[in-house]
Amino acid sequence: MKAVGYLQSLPIDHPESLIDLELPAPAPGPLDLLVRVAAVSVNPVDTKVRRNRAPTAFQPEVLGWDAVGTVEALGKDVVGFAIGDRVYYAGAINRPGSNAELQVVDHRIAALAPKSLTDAEAAALPLTAITAWELLFDRLGVPEGGGAGQSLLVTGAAGGVGSILVQLARELTQLRVIGTASRPETQDWVKQLGAHIVIDHSQPLRPQLVAAGVAEVEFIASLTHTEQHWDALIDAAAPQGRLGLIDDLSGPIDVMTLKRKALSLHWEMMFTRPMFGTADVAEQGRLLVRIAALVDAGRVRTTVSEQLRPINAANLRRAHELVESGRMRGKIVLSGF
Ligand SMILES: NC(=O)c1ccc[n+]([C@@H]2O[C@H](COP(=O)([O-])OP(=O)(O)OC[C@H]3O[C@@H](n4cnc5c(N)ncnc54)[C@H](OP(=O)(O)O)[C@@H]3O)[C@@H](O)[C@H]2O)c1
């Protein structure tokens with residue numbers, strides 16, 4: 001099968017940072033779907049793994065943790081799927097990724113793809129939707145339908161995770177949603193996705209919140225550059241507020257700064273459930289079912305902003321470059337081999 005991967009960790013401007021490969025097709029384990037991949041998206045995790053996880057003994061690494069495709073074969077213990085189903089999923093960080101014509105994925109973390117979206121439109125969603133959903137409901141503990149009279153501040157709201165988190169918070173809670181974006185095009189994007197208020201993360205946050213009539217925020221989703229905004233986030237937080245993190249911090253943070261307001265800190269890591277095989281791993285499949293229903297009901301839209309074709313090394317290098325720029329608006333997707 002065709003695949004794209006790498007044999008050495010190299011900067012993305014190196015022609016061999018991602019290369020076209022011919023690899024043997026994988027065989028599904030008892031709980032797996034074997035999927036013929038039609039479209040994939042690229043997330044910051046792809047670029048981080050490429051830079052930091054050197055392949056061993058000339059075994060190429062295949063990246064990609066967002067896919068849409070058709071089920072070609074089923075493991076013996078799979079329930080709820082049939083050959084020919086069109087599925088979408090993020091997969092697991094400790095298994096080969098989706099930048100390959102064929103991929104195996106545990107059926108419990110996959111779901112039928114939204115019917116109303118093209119393959120490319122649907123491929124934008126799984127990883128970021130899982131992250132946003134788990135962060136909002138499982139980690140920050142916002143009750144579905146709840147949050148009346150309270151606010152959620154989302155930093156980096158125009159990025160992949162922010163673009164779906166803003167929509168989920170608007171559709172499924174009563175929170176007042178404040179997103180940050182620093183450029184006219186990303187600010188417009190966050191407004192279009194439904195944020196009540198958009199402020200600029202390149203300027204001090206508190207004065208902008210106060211000017212918008214927000215004295216303090218009960219929930220914070222710090223999606224990127226957390227260390228840069230740390231003091232401002234604590235300043236903006238309401239006493240007993242909840243702070244959620246997903247990004248890789250460049251150094252230690254001082255948890256003592258949370259004490260005065262009795263703030264709580266919550267980590268989201270969307271690979272935790274599949275990586276550790278937690279008892280509730282099937283929650284990811286279930287939430288992807290909910291996301292597909294929201295999309296097909298017209299309540300949530302795809303976050304794709306750029307599309308490339310086909311899925312090959314040259315296009316994946318372009319996509320990695322864009323993601324590494326830190327200026328993504330929504331998601332970039334690739335389709336067809
Ligand atoms: N733990 C998990 O499970 C998990 C899951 C997904 C992602 N992540 C991590 O979370 C982070 C965000 O992911 P993503 O996919 O949303 O990234 P992304 O799409 O690359 O984010 C791009 C956005 O970041 C904004 N940004 C750039 N500099 C900023 C700054 N100094 N302050 C605030 N925002 C800034 C940009 O807004 P402007 O252009 O308007 O400045 C842009 O829209 C990454 O580090 C990723 O690896 C973790």
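How many Å separate the centres of domain 1 and domain 2, taken over C-alpha atoms? The answer is 28 Å. Domain 1 covers 2–125 + 296–335 and domain 2 covers 128–267, with bounds that come from an automatic or database domain assignment. The model is a predicted one, so local features need pLDDT of at least 70 and side-chain atom pairs count only at pLDDT 80 or more, while totals for chains, interfaces and linings use all residues. Residues are numbered from 1 along each chain as its sequence is written.

Where the domains meet, 10 residues of domain 1 are in contact with 14 residues of domain 2 (contact: C-beta atoms, placed from the backbone, within 7 Å). The domain 1 side of this meeting is a mixed bag of four nonpolar, three polar and three charged residues. Here Ala, Val, Leu, Ile, Met, Phe, Trp, Tyr, Cys and Pro count as nonpolar, Asp, Glu, Lys and Arg as charged, and the others, Gly among them, as polar.

Then there is the largest nonpolar core, with 98 residues. Such a core is a set of buried Ala, Val, Leu, Ile, Met, Phe, Trp, Tyr and Cys residues joined through C-beta atoms within 7 Å; buried takes 20 or more other C-beta atoms within 10 Å of a residue's own, exposed 12 or fewer, and partly exposed anything in between. Tyr88, Ala123, Leu152, Val154 and Leu165 have the most contacts inside this core. Both domains give residues to the core, so it lies between them. Beyond its neighbours within four places in sequence, Val154 touches Gly162, Leu165, Val166, Val177, Ile178, Gly179, Thr180, Ala221 and Leu223.

On to the helices (DSSP runs of H or I, at least four residues, numbered from the N terminus). Helix 3 (residues 126–139) and helix 9 (residues 283–296) have axes that come within 10 Å and cross at roughly 105°. Axes are lines fitted to C-alpha atoms over the stretch in contact, and angles run from 0 to 180 degrees between N-to-C directions. The pair is therefore roughly perpendicular, a label for angles of 65 to 115 degrees. Helix 3 brings Pro126, Ala129, Ile130 and Trp133 to the contact, and helix 9 brings Gln284, Leu287, Leu288 and Ile291. That works out as seven nonpolar, one polar and no charged.

Helix 1 (residues 44–52) packs on helix 10 (residues 313–324) at about 105°, axes 9 Å apart. Pro44, Asp46, Thr47 and Arg50 of helix 1 meet His320, Val323 and Glu324 of helix 10; by class, that is two nonpolar, two polar and three charged.

Technical notes:
Two residues are in contact if their C-beta atoms, placed from the backbone, lie within 7 Å. Helices (H or I, at least four residues) and strands (E, at least two) are DSSP runs, numbered from the N terminus. Angles under 35 degrees count as roughly parallel, over 145 as roughly antiparallel, 65 to 115 as roughly perpendicular and the rest as oblique.
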